[in-house]
Amino acid sequence: MMKWVAPRAARPQRGALFTIAALLIGSAVLRIGLTASEAIALEKSHTPSEVKASSDTACETVGDLDGMLVAFREREERIATQELKLQKRMQALAVADQKIDEKLAALTKAEADLRATLALADSAAETDLTQLTTVYENMKPKDAAALFEQMAPEFSAGFLGRMKPASAASIMAGLSAERAYSISVILAGRNANVPKE
């Protein structure tokens, strides 16, 4: 009797799957092995001096950085020198400003003193003129006229212009006609140049 055997196509083969899996794993191991061997070969080919030399040539910015650092330091020194000069100049300007302020204060004080002195002198002169005018007013008109005849016309006109009209008239009556006329012209014309508006 014959046994029944199932057809082969219907049943998967374990051997074929195993073979495919083994091939895939082998391929992966080969790839890893080749890559690792290249990396190991590259690693072993460089000696420490070669590594240092290659790192120096690979990064050339170290020399550039040194140059930049030197330039920055020089610039910083120049700026510090300029700042020091500016500070000294500012101090000198502050001292000059202080001296100018002191001199201005001294000038202001001197101006105030001068004004006070001038005011005192003007006041004293005015007081003297007022007293002298009073003396001439109180003199006898004949005696005052004799004095006014001897004075310059401008000077005597100044006193007569300050006197009371009655006293001035009495003195003018005692003067010569020429002198009285000169004094009258001076008195009439002394305010001619005053602005009218």
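Helices here are DSSP runs of H or I with at least four residues, and strands are runs of E with at least two, numbered from the N terminus. With that in mind, welcome to the tour of this predicted model.

**Stop 1: the whole chain**

Start with a cartoon view of the protein chain, where you will find seven helices and zero strands. Following the sequence, the pattern reads α-α-α-α-α-α-α. Now switch on a surface: the chain exposes about 16800 Å², and carbon and sulfur atoms supply 64% of that area. Of the 197 residues, 10% are buried. If you draw a contact map and keep pairs at least 6 apart in sequence, 66% of those contacts join residues at least 24 apart.

**Stop 2: a patch on helix α3**

Select L65, M68, L69 and F72, which together make a nonpolar surface patch of about 390 Å². L65 is found in helix α3. How exposed is L65? Its relative accessible area is 46%, so L65 counts as partly exposed.

**Stop 3: the largest nonpolar core**

Next, show side chains for Y136, F148, L160, M163, I171 and L175. These are the residues with the most contacts inside the largest nonpolar core, which has 14 residues. Colour by helix and you will see that α4 (141-150), α5 (153-162), α6 (165-173) and α7 each supply at least two residues of this core.

Centre the view on M163 and leave out residues up to four places away in sequence. What does M163 touch? Its partners are T133, Y136, E137, F148, A168 and I171.

From there, hop to T133, which sits in helix α3 (residues 61-138). T133 counts as buried because its relative accessibility is 5%, where the cut-off for buried is under 20%. With the same sequence neighbours left out, T133 touches F159, R162 and M163.

**Stop 4: the aromatic rings**

Now select the aromatic side chains. There are four aromatic pairs by the ring-centre rule. Take Y136 and F148: their ring centres are 5.2 Å apart and their planes are at 75 degrees, so this pair is edge-to-face. Y136 lies in helix α3 and F148 in helix α4, so the pair ties together parts that are twelve residues apart in sequence. Both rings are buried, Y136 with a relative accessible area of 11% and F148 with 0%.

Move on to F155 and F159. With ring centres 5.0 Å apart and planes at 85 degrees, this pair is also edge-to-face. About one helical turn separates F155 from F159, because they are four residues apart in helix α5. Which of these two is buried, and which is partly exposed? F155 is partly exposed, with a relative accessible area of 48%, whereas F159 is buried at 3%.

Keep Y136, F148, F155 and F159 selected together, since these four form one aromatic cluster.

**Stop 5: helix α7**

Finish at S182, whose place is in helix α7 (residues 177-189). S182 has a relative accessible area of 28%, so this residue is partly exposed. For a last distance label, pick the C-alpha atoms of S182 and A157: they are separated by 8.7 Å, although the two residues are 25 residues apart along the chain.

Definitions and conventions
Residues are numbered from 1 along each chain as its sequence is written. This is a predicted model: local features need pLDDT of at least 70, side-chain atom pairs count only at pLDDT 80 or more; totals for chains, interfaces and linings use all residues. Side-chain values use heavy atoms; hydrogens and water are left out. Buried means under 20% relative accessible area, exposed over 50%, partly exposed in between (1.4 Å probe, protein chains only). Contact means heavy atoms within 4.5 Å. Accessible areas come from the Shrake-Rupley method with a 1.4 Å probe; for residues, only the protein chains shown count as cover. A nonpolar core is a set of buried Ala, Val, Leu, Ile, Met, Phe, Trp, Tyr and Cys residues joined through side-chain atoms within 4.5 Å. Patches are made of residues with over 30% relative accessible area and no salt bridge: like charges are joined within 9 Å, nonpolar side chains (Val, Leu, Ile, Met, Phe, Trp, Tyr) within 5 Å. A salt bridge is a side-chain nitrogen of Lys or Arg within 4 Å of a carboxyl oxygen of Asp or Glu. Rings of Phe, Tyr and Trp (its six-membered ring) pair if their centres lie within 6.5 Å; planes under 30 degrees apart count as stacked, over 60 as edge-to-face and the rest as tilted.
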